[in-house]
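Subject: Handing over the structure

Hi,

Here is the structure I promised to pass on. Have a look at it first, and then read on for what turned up.

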Amino acid sequence: MTPAKPQSRSGRAASSLISQLLYLVALILQELSRLALRAMHKTSGVNSSEPAVKAEISDSDFTAQVVASLGPKTDERLRCVMTALMRHAHDLVREVQVTTDELFAAVDMVNWAGRMSNDRRNETQLLCDVLGIESLVDAVTWAQSDGGGGTTPSAVLGPFWRSDAPLRANGSSISFNPRADAQPVFVHGKIMGEGGLGLADATVDVWQASTNGLYEQQDAHQVEHNLRGIFKTDDEGNYSLYCIRPTPYPVPDDGPAGKLLQLLDRNKLRPAHIHFMVRARGYKTLVTQVFDQECSHLGNDSVFAVKNDLALRFKERRGDAQAGLELEFDVKLAKE
């Protein structure tokens, strides 16, 4: 498969808008479906899943009218996505006969996510994660970027990345006030480009949760930027740092994502993982995660992000007073 071409500024803007619209509508549709089905099952005297009365606006002519309302200046990619989205959304509304109350309940959930989101936590993105949307988009994007080149698999960004993580020296630690149960780990590897050559001056952005299941922006007891940092590779593409062995943790239950998991009777745990974002000039940015191969929750990730090639083993490390474990994680990037 041919790698995707870099987008223009207008293309990136349209893509961003499309992503936001997809996320928003997907969330609404998921909640509408759940609420509508529940309402129909509770309808007195109705044993069938079909409602007693059908809405008048039920034929495809109405949907065609909405689709035809798109103006001639609409971006072609946006037109393609929105046309498909409106058709699928209208079909869902007709199929389960969504009511006004159910629509407003879904809108309230999305509004709740918006109120909770800021530069330290993206609750709307977390909703997309638990619905599997981000993992699906991630898989599509990686397939286009890799082009059969054997690059390192990507994984979802998640809601707790921060754009202001500090630059730290290679070989330094991101763990500043570890809990008593934290196991120090030495993480090292090489960032590679075409032909397996090391990429000098690449940036490796790393972040993880503490052993209490909280990222530093969720936990007043952790120092600012604890368990996160950005590292630069040396002339041969090598990087290294100290962190802690990750542990499983639940999706936060104080917002709509956690509430939705509860309503859907879903597992809320994420398997033990460390986040990485790798950038290098002339190469596509890689967002990924490394999972603890020994974690018992790999097969039931609440955001569906686990990939076999990203499940690695934490090995015993000897002769290092700072860490008794080590993890080697080499990364191969795709050309732009």
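Below is what I found, starting with the whole chain and then going through a few places in turn.

First, please keep in mind that this is a predicted model. The chain has 336 residues, and 46% of them count as buried. Its secondary structure comes to 7 helices and 12 strands. If you look at contacts with a separation of 6 or more, 74% of them are between residues 24 or more positions apart.

A good place to start is strand β2, residues 203-207. All 5 of its 5 residues are buried, so the strand is largely enclosed by the rest of the structure. That holds for both faces: Thr203, Asp205 and Trp207 are buried on one side, and Val204 and Val206 are buried on the other.

Which strands does β2 pair with? One partner is β3 (residues 228-232), which runs antiparallel to β2 and is joined to it by 5 bridges. Within that pairing, Val206 has Gly229 of β3 as its bridge partner. Another is β7 (residues 273-279), also antiparallel and also over 5 bridges. There, Thr203 is matched with Arg279 of β7.

Next, the loop between β2 and β3, where you'll find His225. Is His225 buried or exposed? Its relative accessibility is 14%, and because the cut-off for buried is under 20%, His225 counts as buried. Its side chain reaches the backbone oxygen of Asp164 at 3.3 Å. Asp164 is also among the residues in contact with His225 once neighbours within four places in sequence are left aside; the others are Arg162, Ala165, Pro166, Arg168, Phe176 and Glu216.

Leu227 sits in that loop between β2 and β3 too. Leu227 is not a glycine, yet it has a positive phi of about 60°. For context, most residues other than glycine have a negative phi. Leu227 is buried, with a relative accessible area of 2%.

There is another positive phi at Asp201, near 65°, again in a residue other than glycine. Asp201 belongs to the loop between β1 (184-192) and β2. At 52% relative accessibility, Asp201 counts as exposed, whereas Leu227 is buried.

On to the nonpolar cores. In soluble globular proteins, nonpolar side chains tend to be buried together. Here the largest nonpolar core has 50 residues, and the members that touch the most others are Ile191, Phe276 and Leu333. Phe276 is worth a click: not counting residues up to four places away in sequence, it touches Val204, Asp205, Val206 and Trp207, along with Val187, Tyr239, Leu286, Val287, Thr288, Val290 and Phe329. Apart from this core lies another one, of 7 residues, including Phe160, Ala209, Tyr215 and Met277.

Last, the empty space. How many cavities of 30 Å³ or more does the structure hold? There are 2 of them, and the largest has a volume of about 90 Å³. That largest cavity is lined by 13 residues, and the closest to its centre are Leu126, Asp129, Pro159, Tyr249 and Arg270.

If you only have a few minutes, I'd begin with β2, which has 5 of its 5 residues buried, and then move on to Phe276 in the largest nonpolar core.

Cheers

Methods:
Residues are numbered from 1 along each chain as its sequence is written. This is a predicted model: local features need pLDDT of at least 70, side-chain atom pairs count only at pLDDT 80 or more; totals for chains, interfaces and linings use all residues. Side-chain values use heavy atoms; hydrogens and water are left out. Buried means under 20% relative accessible area, exposed over 50%, partly exposed in between (1.4 Å probe, protein chains only). Helices (H or I, at least four residues) and strands (E, at least two) are DSSP runs, numbered from the N terminus. Two strands pair if DSSP finds at least two bridges between them. A polar contact is a pair of N or O atoms within 3.5 Å; within protein, one must be able to donate a hydrogen and the other to accept it, and residues adjacent in sequence count only if both atoms are side-chain atoms. Contact means heavy atoms within 4.5 Å. A nonpolar core is a set of buried Ala, Val, Leu, Ile, Met, Phe, Trp, Tyr and Cys residues joined through side-chain atoms within 4.5 Å. On a 1 Å grid over the protein atoms alone, a cavity is a set of points where a 1.4 Å probe fits but cannot get out, and a pocket is an open set with protein on both sides within 12 Å along at least five of seven lines; lining residues have an atom within 4 Å of a point. Grid points are joined across faces, edges and corners, and a volume is the space filled by probe spheres set on the points.
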